[in-house]
Amino acid sequence: MSQRSNLRLLVLAVLVVSLLATLVARSFYLQVLEGAEYRAAAADNTVREVAEPAVRGLVLDQAGRPLISNRTTVVVTVDRQALAQEPNGGAAVITRLARILDMPRDKIADRLLTCGAEGAKPPPICWNGSTYQPVPVATDVDTQTALSIMERRREFPGITAKLQAVRQYPSPFNVNAAHMLGYLGPVTEEQLDEQGQTEAYDRLRRTDVVGRSGLERQYDGILRGKPGVTTLAVDTAGNVTGTLEQREPKPGDYLVTSIDARLQSVVEQQLVAAVRRAQSQDFAGTSGAAVVVEVDTGRVLAMASYPTYDPDIWIGGVTKRQYEQLMDDSSLSSNAYQGQFAPGSTFKAISTAAAGNDNFDLYGIYPCPSRVKIGAQTFRNFESNAYGPISLTRALEVSCNTVFYEIARRMWQEAGGPDAAVDAPDPIAEAARTFGLGSPTGIDLPGEASGRVASRQFKYENWEAKKDAWCRNAEEGYPETRKTNPKLADYYTALDRENCTDGFQWRAGDALNAVIGQGDTTVTPLQMAMVYAAIANGGTLYQPQVAKGIISATGEVVEEFEPIVTRRVDASKRTLRFLRNSLPGVTTDGSGETPFAGFPLDVLPVASKTGSAQVTGDKAATSWFAAYAPANAPKYAVVMMVTEGGTGSKTSGPSVRAILEALFGVRGSSVNPGASVLVGGAPLERLPAVRRDGTPVVPRGSDAGVPDIRAAGSRS
Amino acid sequence: MSQTVARDPAVRSLMRQSGYWRDLDWILLIAALATTIFGSVLVWSASRADMAADGDPQSYLKRHLVTVGIGLALGWFASRVDYRSLRAYTPFIYVASIILLLMPFIPGIGTTIAGARAWIDLPGGMTIQPSEFAKVAVILMMAVLLSEKRDIVDEPSDRDVLLAVAVAVLPVLIILVQNDTGTVLILGTVALSIIAVSGARTRWVVGLIGGAVVGILVAVQLGLLKEYQVQRLTSFINPSEDVTDAAYNANQARIAIGGGGWSGHGLFEGPQTQGRFVPVNESDFIYTVVGEELGFVGSAVLLLLIGIILWRAVVIAFRADDMYGRLVATGVIAWLAFQAFENVGMSLGIMPITGIPLPLVSAGGTSMMATWIAVGLLQNVRLHAVRAGA
């Protein structure tokens, strides 16, 4: 090849070498000679994240009506970075802002101090967010004020008025449902600790608001969505030097519940009516609960608790004083799944199953005297009625205690009487457990109570825990009480001496109390509803659920929740059939007859059981009424309970009847499914539709439940 | 790879005949492989933090390794294809690459990344950048034109040179419209080098250099370049003054590299890299990763590996047994050398910021494939010379 080509190739090679040499030299200069300087510059570099929370998802009822939605409010925020650039730290701007917002200047100044800084007030007054996040100083600012702030940009540097979503409760049909819906609150220290160190952009931040109770808490992760995050590069002086990353917020998904707003409203009204009925009989009627479940799925259609509170008080934050007040009157917890009460005679259905399991003749004849004597103690029937020899069905109908006393006594004797081992067979307690008593039902709501099953084991453990105190008291003989009332001191001392030595013993009296749902056994009304649902559906104990499915904010179905079976109850088909055949008689010919007078039981048979549980002291009995219908093809189970309410039949019965009338569309003596409070006479099979813009499709006209449901459902 | 290939009996007999593996430039192959592996580790380090936010921190690395595999296969093919048929097919390759270059303009197929409309969408979220293949096509086409009848005459005719210039100018114009300034500069350097080494008269070489300089000046003066292009091109001169978006990248890159010192912060430990301060540090600014995490020592090793590749390429060009082979090798040298210099230089703040990858190192599938084709072509030229000499 030509000389010229060789020469030029050589020139190219030299050029290549010099280019590479340049790079090596420049690298050496930057890294080795000037390295220290750049290391310092790197240390000055930090990132700051500015997070914008996503719009929370709506909570809908089974027909698509919003139970919780969002409304927009105008929020005025202050960017402290921009304010710091102003003369005197922006003092004049704050004064101007206070004047236009018509609020004390100090209130704004306090709000702008970072929590923990010198002179900062405690949260929530101080700002516990990031330095780079604009601080909200006023909410619900009227549009006129917001506009004038935005128009006078130069007078208000760093001040922004923007729209922000806050929770609102559209209350279709004036539903309350406060306990189920729950409320929001600032993220807790524990939640932040639990989360640990994470860089994930959708982690919880100190400024976040999260669900603190009810569905808002249970499904917080679904409802919260994902925040929008802007990552800024910042130098040591705090100047923003660039935007590293920007993510748009992703709105939270919608939670569809199995609650029907219209039915819930009826149930809430009927619960209050039952309480009033108790009070009109001069009973205290202090609290109550009502539950409606679908027997074949375990879905909760309605659940109410008395007393309740107005969920709107949480909007905009509750004061410490308001909170303490709420805690005091205990209206914050739901009696339906957090309250524990003696079940009384509603427990007899379980006792009957226990008898069947223990090979008692379900179709035999049992004596029903007015009282039985065990040892020195006498156990009576309600109002000391005697019915002579009767069938077990009749015993359930008239709620004869003495029939069940005899069954319990025989079981107790068989197990070994007072000397039985702690783990001796106890058919009553076993039946209670198989029907789900003594453990939480697993409902998708936080803070559920488990109730308690009275048993040998329970009594023994209780004695283990308390015997030291009992024995010590027996020894000391109540010296303080003795000074004023020696007789009472003697009585206490004798009681504690007995408890100290024999307190672990499961005596005949304990067994007799347990069989009629008295004594140490306690249940939640929700547990009782699931028991009667299991009897109604042929023995399947479901895990109750409030949530039915998840829909995205753009209307796609994300998930549909299937019914969850807890277990098949341990009772024979024959026993369950016996119960299903017997319980309708309670409504036609037994203790549930009075409230159902005139009800079309021939078209719509109702199975029921009453309960009037005695409580200690001279308080009135706890009124219970459990029912399911139609008795021949069960769909719904309804349980209502009022403490210090009197009898089940008089106080709760009429309300349960009214609920069933609303459910099935009973008008006088006719049944018209079209008149049911459920649109179409039954809960929707599928999830309700949500439009692409996020507005749920709701029933029209009077079925909507609020005057302008579209506005209530809109997210913007 | 060699094992699986060697299992095919047809391939094995072919290998015995030609002594393919014996005659390969092993130093070149090993240096290129080592650079690729080095690069993959850097891509992994650079992308971990970005990917971790979305789930799998290794997802980007996995995709990178797939393109490495495809690149090796293409390189093997390029080293084995017959010299004469390669020359015969070159016009078709060239026309095909021009068509490919025009495809990003078709709506629905093209994608704009970082202001350059130079990518073609593929199903599955992959994109290809046809200008990478255009580099190969231009080298092959110019080599064919300028090596015709060279056993008879010493220098190419004016007509051949003009044709060769036209061959380079056509894709340059298309790529200019696509706003891919970096690739235009590389193609210009490649064309100039091939024309020079072909033995063309000196006035051609001087004239073309002068023309290029005047062209750039006129483009800037008349505002043919968009404002951001000028800003990008000039921000390297004094980045610390003005911390706007364009200069931000240059400044952060220098802080990262400078902070690396002698031996660096250690792999996966660079605060600038893992803190995601340097944008696109898995491709355009990959040199900041080695600079910060492995320090001057690691940077020098990487530059040394690239130097070895270029040294072998120069040796192959010198020993080529015909003008065609020499010009192909020359084109590859100019391409790889200038692209490496431009890429590393912009991280070091001595070259303007243009969006081009570091060959064999950066993430970016098309570049990886095209560079391995280039390495394969170098091997092909060498094998041809060894066989002719034997």
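1. Let's start with the sheet in chain A. In this predicted model, five strands make an open, antiparallel sheet, and their order is β12-β11-β23-β22-β21. The two edges belong to β12 (300–306) and β21, each of which has a single partner strand, so one side of each has no neighbour in the sheet. From one strand to the next, the twist averages 5 degrees.

2. A closer look at one pair inside that sheet. Strands β22 (residues 622–629) and β23 (residues 636–642) of chain A are antiparallel and joined by seven bridges. If you want a landmark for the register, A:A627 stands opposite A:V638 in β23(A). On top of this, α21(A) packs on the sheet, where it touches β11 (288–294), β22 and β23 of chain A, and its direction makes about 150 degrees with that of β23(A).

3. A second helix to look at here is α23 (residues 648–664) of chain A. This helix lies across β11, β21, β22 and β23 of chain A. Relative to β22(A), α23(A) runs at about 30 degrees.

4. Helix α22 (residues 573–589) of chain A looks regular in length: its 17 residues reach 25 Å from the first C-alpha to the last, close to the 24 Å expected at 1.5 Å a residue. Which of its residues are buried? The list is A:T575, A:L576, A:F578, A:L579, A:S582, A:L583, A:P584, A:G585, A:V586 and A:T587. Their cover includes α13 (348–357), α14 (392–398), α21 (525–536) and β21 (607–613) of chain A. So two names from the sheet story come back here, since α21(A) packs on the sheet and β21(A) is one of its edges.5. Now to a separate set of strands in chain A, centred on β18 (residues 547–551). Five of the five residues in β18(A) are buried. Strand β10 (residues 254–257) of chain A pairs with β18(A) in the antiparallel sense, over four bridges. Strand β19 (residues 557–560) of chain A is also antiparallel to β18(A), with three bridges joining them. A:I550 is a handy reference point: A:L255 stands opposite A:I550, and in β19(A) the bridge partner of A:I550 is A:E559.

6. The turn of that hairpin deserves a look too. Five residues sit between β18(A) and β19(A), and A:G555 takes a positive phi near 95 degrees. A:S552 lies in the loop between these strands. Is A:S552 buried or partly exposed? A:S552 has 18 C-beta neighbours inside 10 Å, so it counts as partly exposed; a buried residue would need 20 or more. Leaving aside residues up to four places away in sequence, A:S552 touches A:D253 and A:V558. A:G225 is 327 residues from A:S552 in sequence, yet their C-alpha atoms are 9.8 Å apart in space.

7. On to the interface. The contact between the chains involves 34 residues of chain A and 46 residues of chain B. On the chain A side, α1 (3–33), α2 (35–44) and β9 (240–247) each supply at least two residues. Which element gives the largest share? That is α1(A), with 17 residues. By class, the chain A side has 20 nonpolar, eight polar and six charged residues.

8. Chain B overall: the model gives it 16 helices and three strands. Of its 390 residues, 51% are buried. Among contacts in chain B with a separation of 6 or more, 69% come from residues 24 or more positions apart.

9. Within chain B, one helix pair to inspect is α6 (residues 83–102) with α8 (residues 158–177). Their axes come within 10 Å and cross at roughly 10 degrees, so α6(B) and α8(B) are roughly parallel. B:I98, B:L101 and B:L102 of α6(B) meet B:L170, B:P171 and B:I174 of α8(B). The class count for this contact is six nonpolar, no polar and no charged residues.

10. Helix α8(B) also packs against α7 (residues 130–147) of chain B, at an angle of about 170 degrees and with the axes 9 Å apart. These helices are therefore roughly antiparallel. From α7(B), the contact uses B:S131, B:A134, B:V138, B:M141, B:M142, B:L145 and B:L146. From α8(B), the residues are B:D160, B:L163, B:A164, B:V167, B:A168, B:P171 and B:I175. By class, this contact has 12 nonpolar, one polar and one charged residues. Note that B:P171 of α8(B) takes part here and also in the contact with α6(B).

Terms used: Residues are numbered from 1 along each chain as its sequence is written. Chains are lettered from A and ligands numbered from 1 in the order in which they are written. This is a predicted model: local features need pLDDT of at least 70, side-chain atom pairs count only at pLDDT 80 or more; totals for chains, interfaces and linings use all residues. The expected span of a helix is 1.5 Å times one less than its number of residues. A residue is buried if 20 or more other C-beta atoms lie within 10 Å of its own, exposed if 12 or fewer, and partly exposed in between; C-beta atoms are placed from the backbone. Two residues are in contact if their C-beta atoms, placed from the backbone, lie within 7 Å. Ala, Val, Leu, Ile, Met, Phe, Trp, Tyr, Cys and Pro count as nonpolar, Asp, Glu, Lys and Arg as charged, and the others, Gly among them, as polar. Two strands pair if DSSP finds at least two bridges between them. Axes are lines fitted to C-alpha atoms, for helices over the stretch in contact, and angles run from 0 to 180 degrees between N-to-C directions. Angles under 35 degrees count as roughly parallel, over 145 as roughly antiparallel, 65 to 115 as roughly perpendicular and the rest as oblique.
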